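Please find below a colleague's note, set out as numbered points to be read alongside the coordinates. The points take up backbone geometry, helix packing, salt bridges and the contact between chains.

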Amino acid sequence: MRISAALLCAALGGCVSSNVARDVSDVRSRLPALGDGIALREESRDTELDGQIATLLREPLDAERAVRIALLSNRDLQADLRALGVARGMLLQASLLPNLEFDASARIAPGGSVRWEFGAGFDLTRAMLTGLARSAGEANVEAARARAASDALSLVTRVRQAFYAYLALVQRKELAETAMQAFAASYDATRVLHEAGNVTDLDLVNDQAAYEGARLEVAEVEIATLDAREALNVLLGVSGEHAAWRTDARLSAPSELPPLESLEQQAISASLRLAEGRGRIESLARSRGLARAEGLLPHIEIGVTAEEHEDSSWVVGPAISASVPLFDRQQGRVLALASELDAARDRYVADAIAVRAATRKARNRVLSAEARVAHLHGTILPVRQRVLAESLLQYNAMQIGVFQLLQAKRDQLDAARTYIATLEEYWQARAVLDGVLQGLFVERDVAPRSSGANVSRQVSGGGH
Amino acid sequence: MDRRGFVRSMGLLAASGVVFARATKAEADEARSVTDAEPLARRTIGGHTAVHTPNGTTLPLRRVGNVLVGHLVAEPVSHEFAPGLEGECWGYNGRVHGPTIEAVEGERVRLYVTNHLPEPTTVHWHGLFLPNGMDGVAGLTQRPIEPGETFKYEFDLTRPGTFMYHPHYDEMTQMAMGMVGMFIVHPRTARGPRVDRDFALMTHEWKIKVGTRRPDPNEMSDFNVLTFNAKAFPGTEALVARKGERVRIRLGNLSAMDNHPIHLHGYAFEVTATDGGPVPPSARKPETTVLVPTGSTRTVEFVADAPGDWAMHCHMTHHVMMQMGHGLPVMIGADPARISRRVRSLVPDYMAMGHAGMGGMGEMDMPIPPNSRPMRGGPGPFSYIDMGGMFTLLKVRERLDETSQNGWYEHPAGTVASLASNEELLRDGIAAGANDNRGGNE
């Protein structure tokens with residue numbers, strides 16, 4: 001009965017829909033936090049989607065706006081989403097009945113007379129196995145959906161990280177420029193005192209060296225900022241005037257964390273990699289079943305044959321051919337698929353371990369960075385401000401000179417740079433944690449992203 | 001017969017010991033009944049003008065039998081050096097420095113020393129001749145006085161002079177913390193002209209980092225608070241005399257490292273004694289500055305015949321600057337605007353200083369660390385007096401009244417340096433433009 005229904009469905013060829021849009025909708029449903037942001041571009045919708053992108057770019061960029069732009073505009077993601085069509089096409093192909101085959105032959109007698117022979121055949125075995133093939137294809141589509149969602153989530157995480165890295169560099173550049181001003185003030189003062197005959201040539205060149213070093217640091221941070229902007233443009237998928245977006249965002253204080261209980265279980269449940277793995281395992285299991293069936297079933301073709309006799313009469317009758325699975329029962333293919341299946345299972349377990357470890361690591365990094373940000377903001381920065389204020393009092397009391405006062409200012413700026421670097425570290429880790437809890441798979445050999453701003457440059461001051 | 005003649009005549013009967021002793025005792029007891037609350041009122045002791053310790057006190061001595069008994073309590077003391085600068089010091093009897101001990105040659109004194117310090121102490125009677133075991137050197141002539149203990153020192157005052165007392169256990173710390181005092185022994189028989197005003201001034205040096213409250217006993221060279229009787233100007237009490245009075249100033253120095261050349265304006269004086277003894281008149285020479293080495297006393301005398309407010313100070317220029325920092329770049333001659341322009345963009349309250357000298361620093365109303373008086377001086381009758389530290393005044397007046405101690409001298413007309421008028425400049429051939437107003441701090 002099942003075979004009959006399957007055959008009927010396959011013959012009709014209309015039950016298996018090529019609706020990729022449903023696959024995209026499924027991908028969206030796996031990432032509810034992104035709303036309807038994921039879209040597969042079609043020529044008919046290009047203008048509409050480009051309009052949405054332009055509207056988003058009119059306003060200053062923030063992390064979420066950048067994510068929405070990337071989901072619409074990033075062509076790598078679009079290419080990844082096309083894999084849905086590939087899987088859907090493969091499912092469709094697997095769902096189709098084999099074509100009828102026709103053959104014709106002519107026998108030309110010595111007298112010139114021609115005798116025709118016609119035949120028509122149908123691969124019955126393949127038709128009978130269509131259901132199994134389709135089943136394997138469906139599992140493959142499921143895996144493709146999970147993989148597409150994972151690709152989208154990976155893009156989202158990378159966009160957020162790139163945006164935070166860019167913001168950190170913008171703020172680092174501001175601080176570097178202020179530090180350069182402090183070195184400039186020190187150098188200016190030394191030049192004035194040198195002109196008055198009050199300090200040595202050594203003092204002068206020491207301060208000049210420090211100032212020039214600070215200028216160099218500003219230039220280095222400037223180019224790093226520009227590089228980060230371009231890296232973000234690549235992820236956003238924008239160019240031309242769209243690449244001239246602006247932002248007034250700043251790295252903000254840490255936000256409220258999601259509940260940290262049962263984090264690992266949350267991550268396991270949400271893991272798109274594991275969902276893909278399950279799909280792949282199911283697909284391989286069904287493919288192995290299909291191979292076994294193909295190996296055990298004789299390959300049968302049924303058909304009709306018609307032969308013209310010498311008296312121009314036709315003889316018509318059924319035809320059947322069959323191969324006996326005596327030697328080739330698809331043993332090799334079954335074994336290969338069984339090994340692939342075992343490998344997929346092992347990979348699944350390894351991925352689950354990696355998901356748990358990545359979850360714990362992301363949580364640890366977020367908590368550590370959050371604590372350090374709080375300490376910097378609540379203690380170190382105020383203390384450095386107090387050092388500057390007390391230094392000014394000591395300066396007013398003529399216990400220290402202007403150079404020591406400026407050093408206190410530079411120390412305050414160094415503390416601010418550490419704060420920005422730690423704040424960036426928090427948001428980078430937070431992007432990973434949020435991603436992991438939505439199903440992101442953190443590649444095992446990829447280092448955490450950052451702008452490389454964790455260590456502020458200590459440029460030595462003058463010799464005063 | 002004046003009091004001096006009476007005493008001299010009593011001295012002729014000194015061999016009997018009775019009449020003189022009784023007179024001395026009576027006068028000594030009478031002297032001790034007058035407090036130091038009235039500095040202009042002269043007191044006497046043993047027929048001599050009693051010593052006045054500006055900003056200080058005299059130790060009460062009580063007669064028990066034939067012995068003068070006194071009590072020194074060594075203890076931590078909170079002390080004000082000048083308004084706005086207080087220190088957690090060590091002293092005696094609740095004061096820094098310790099009270100002046102004053103007696104007469106021939107007396108026997110019994111001095112109890114109670115130790116309320118956190119470490120052992122002793123008292124060395126600097127310059128006095130006494131039994132070796134009373135010399136107060138810890139470990140050498142006695143064991144240290146442990147915290148909580150009371151020791152007894154007893155000896156005869158066998159010679160007159162200006163002496164001092166100080167610990168001889170952990171001297172570096174205890175003396176740096178303020179534990180010093182003057183010990184005056186008047187001669188049994190007066191020598192030389194009668195002195196009408198007798199002052200004791202102990203010079204001392206301290207390191208008190210700006211914004212702190214504790215003297216640093218480890219400092220060896222960068223002292224920043226210099227004092228007379230543990231006070232820095234304007235906290236120093238003026239020495240007041242009436243015109244024509246003979247003035248004696250006994251200078252002691254128990255500073256850790258520095259000698260002090262004490263200069264008196266308006267007068268030449270003679271050094272009449274050291275802590276070694278009197279200087280014979282034939283060996284004296286006129287001075288306006290006397291070098292008081294550390295560990296020494298120098299006594300000077302002069303007649304206050306010039307009225308006015310006369311400065312008296314250590315002539316080491318850094319010793320009359322309060323809490324001066326010594327690690328600053330030289331700013332003189334620098335253009336303050338060029339420096340301020342950039343620095344103010346980073347530290348808005350910054351103000352360039354020192355580019356035209358440092359005379360006005362004390363008057364600048366800028367926020368400074370608490371409990372500090374960096375570069376501060378005091379008010380004067382004409383303007384701010386930009387001196388502090390080891391600086392005081394000798395005020396000589398025609399008549400003494402209630403304004404003499406704290407009031408300013410009223411100069412006779414035409415005796416005050418003032419701005420030269422253009423007419424005067426022209427008359428005396430001084431170059432035109434001599435009155436141009438240039439310079440000054442930002």
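1. Where in chain A is the place of M398(A)? In this predicted model, M398(A) sits in the loop that runs between α11 (331–396) and α12 of chain A. The residue deserves a look at the backbone level, since M398(A) is not a glycine and yet has a positive phi of about 55°.

2. Two cis peptide bonds in chain B may be looked at alongside that residue. The bond from V96(B) to H97(B) is cis, with omega near -5°, and H97(B) is found in the loop between β6 (85–92) and β7 (101–104) of chain B. The bond from F233(B) to P234(B) is likewise cis, with omega near 10°, and P234(B) lies in the loop between β14 (225–228) and β15 (239–242) of chain B.

3. Turning to helix packing in chain A, helix α2 (residues 20–30) packs against helix α7 (residues 130–195) at an angle of about 55°, the axes being 9 Å apart. The two helices α2(A) and α7(A) are therefore oblique to each other, and their crossing is right-handed. On the α2(A) side the contact is formed by R22(A), D23(A), D26(A), V27(A) and R30(A), which meet V141(A), E142(A), R145(A), A146(A), A148(A) and A149(A) of α7(A). By class, the residues of this contact divide into five nonpolar, no polar and six charged.

4. Which residues make the contact between α9(A) and α12(A)? Helix α9 (residues 263–270) and helix α12 (residues 402–438) of chain A pack at an angle of about 60°, with their axes 6 Å apart, and α9(A) is therefore oblique to α12(A). The contact is made by L263(A), Q266(A), A267(A) and A270(A) of α9(A), together with L433(A), V436(A), L437(A) and Q438(A) of α12(A). These residues divide into six nonpolar, two polar and no charged.

5. Helices α7(A) and α12(A), each already met above, also pack against one another, at an angle of about 180° and with their axes 9 Å apart. An angle over 145 degrees counts as roughly antiparallel, and α7(A) and α12(A) are therefore roughly antiparallel to each other. The residues of their contact divide into 21 nonpolar, nine polar and five charged.

6. How many salt bridges are there over all chains? The count comes to 58. One within chain A joins the side chains of R107(A) and E117(A), with 3.3 Å from N to O. This pair links distant parts of the chain, R107(A) belonging to strand β1 (residues 101–108) and E117(A) to strand β2 (residues 114–123) of chain A, ten residues apart.

7. The contact between the two chains takes 33 residues from chain B and 29 residues from chain A. The area buried between chain B and chain A is about 2,700 Å², and carbon and sulfur atoms give 67% of this area. Of the area that chain B buries against chain A, R338(B), R342(B) and L346(B) supply 24%, more than any other three residues.

8. Which residue of chain A forms a salt bridge with R341(B)? The partner is D188(A), the closest N and O atoms being 3.8 Å apart. Across the interface of chain B and chain A, three salt bridges are found.

Definitions and conventions:
Residues numbered from 1 in each chain as written. Chains lettered and ligands numbered in written order. Predicted model: local features only at pLDDT ≥ 70, side-chain atom pairs only at ≥ 80, totals over all residues. Heavy atoms only, no water. Axes fitted to C-alpha atoms, helices over the stretch in contact; angles between N-to-C directions. Helix = DSSP H or I, 4+ residues; strand = E, 2+ residues; numbered from the N terminus. Parallel < 35°, antiparallel > 145°, perpendicular 65-115°, else oblique. Left-handed = near helix turned anticlockwise from the far one by under 90°. Contact = heavy atoms within 4.5 Å. Nonpolar A, V, L, I, M, F, W, Y, C, P; charged D, E, K, R; others polar. Buried area = accessible area lost by both parts, 1.4 Å probe. Salt bridge = Lys/Arg side-chain N within 4 Å of Asp/Glu carboxyl O.
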